[in-house]
Amino acid sequence: MLSQMRAVAQAASGTSAPAAGAVADSGGFAAELARSLGRVSDMQNSSAAQARAFQLGAPDVALNDVMIDMQKAGIAFQATVQVRNRLVAAYQEIASMAV
């Protein structure tokens with residue numbers, strides 16, 4: 001996710017340094033942000049479904065897989081919250097500038 005965000009930032013600043021995992025014609029920052037939010041949501045839904053399956057006693061779901069997927073979803077959500085906090089702080093800084 002971090003490499004994709006850096007690729008979007010480079011594309012927005014006009015530099016053309018190729019980044020690993022960069023998406024050609026991504027549709028801008030808003031589209032990339034929406035895709036990232038979708039991926040985080042899918043990850044959370046998947047880990048919740050896997051936890052539910054483990055609780056119901058599904059034989060093909062191991063506890064360690066459930067725990068790892070839940071941790072990944074939690075970390076992805078925390079990263080998303082931090083990105084949101086940075087965006088809000090940047091907006092507030094720009095809004096408080098004297099024109």
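These are my notebook entries on a predicted model of a protein.

**Overall fold.** I started with the secondary structure. I found three helices and zero strands. Along the sequence, the order reads α-α-α.

**Burial and surface.** Next I looked up how much of the chain is covered. The protein has 99 residues, and 15% of them count as buried. The exposed area comes to about 7,400 Å². Carbon and sulfur atoms supply 61% of that area.

**Contacts.** I then checked sequence separation. I took the contacts with a separation of 6 or more. Residues 24 or more positions apart account for 49% of them.

**Helix α2.** I looked at its length. Helix α2 covers residues 29–55, which is 27 residues. At 1.5 Å a residue, counted over one less than the number of residues, the helix should span 39 Å. Its end C-alpha atoms lie 39 Å apart, so the span agrees with the expected value.

Which residues of α2 are buried? I listed Glu32, Ser36, Val40, Ser47, Gln50 and Ala51.

I also checked the backbone past the helix. Just after α2, Gly57 takes a positive phi of about 90 degrees.

**Nonpolar patch.** Last, I went through the surface patches. Phe54, Leu63 and Met67 make a nonpolar patch of about 270 Å². I followed Met67 further. Met67 sits in helix α3, residues 63–95. Is Met67 buried, exposed or partly exposed? Its relative accessibility is 44%. Buried means under 20% and exposed means over 50%, so Met67 counts as partly exposed.

Methods. Residues are numbered from 1 along each chain as its sequence is written. This is a predicted model: local features need pLDDT of at least 70, side-chain atom pairs count only at pLDDT 80 or more; totals for chains, interfaces and linings use all residues. Side-chain values use heavy atoms; hydrogens and water are left out. Patches are made of residues with over 30% relative accessible area and no salt bridge: like charges are joined within 9 Å, nonpolar side chains (Val, Leu, Ile, Met, Phe, Trp, Tyr) within 5 Å. Accessible areas come from the Shrake-Rupley method with a 1.4 Å probe; for residues, only the protein chains shown count as cover. A salt bridge is a side-chain nitrogen of Lys or Arg within 4 Å of a carboxyl oxygen of Asp or Glu. Helices (H or I, at least four residues) and strands (E, at least two) are DSSP runs, numbered from the N terminus. Buried means under 20% relative accessible area, exposed over 50%, partly exposed in between (1.4 Å probe, protein chains only). Contact means heavy atoms within 4.5 Å.
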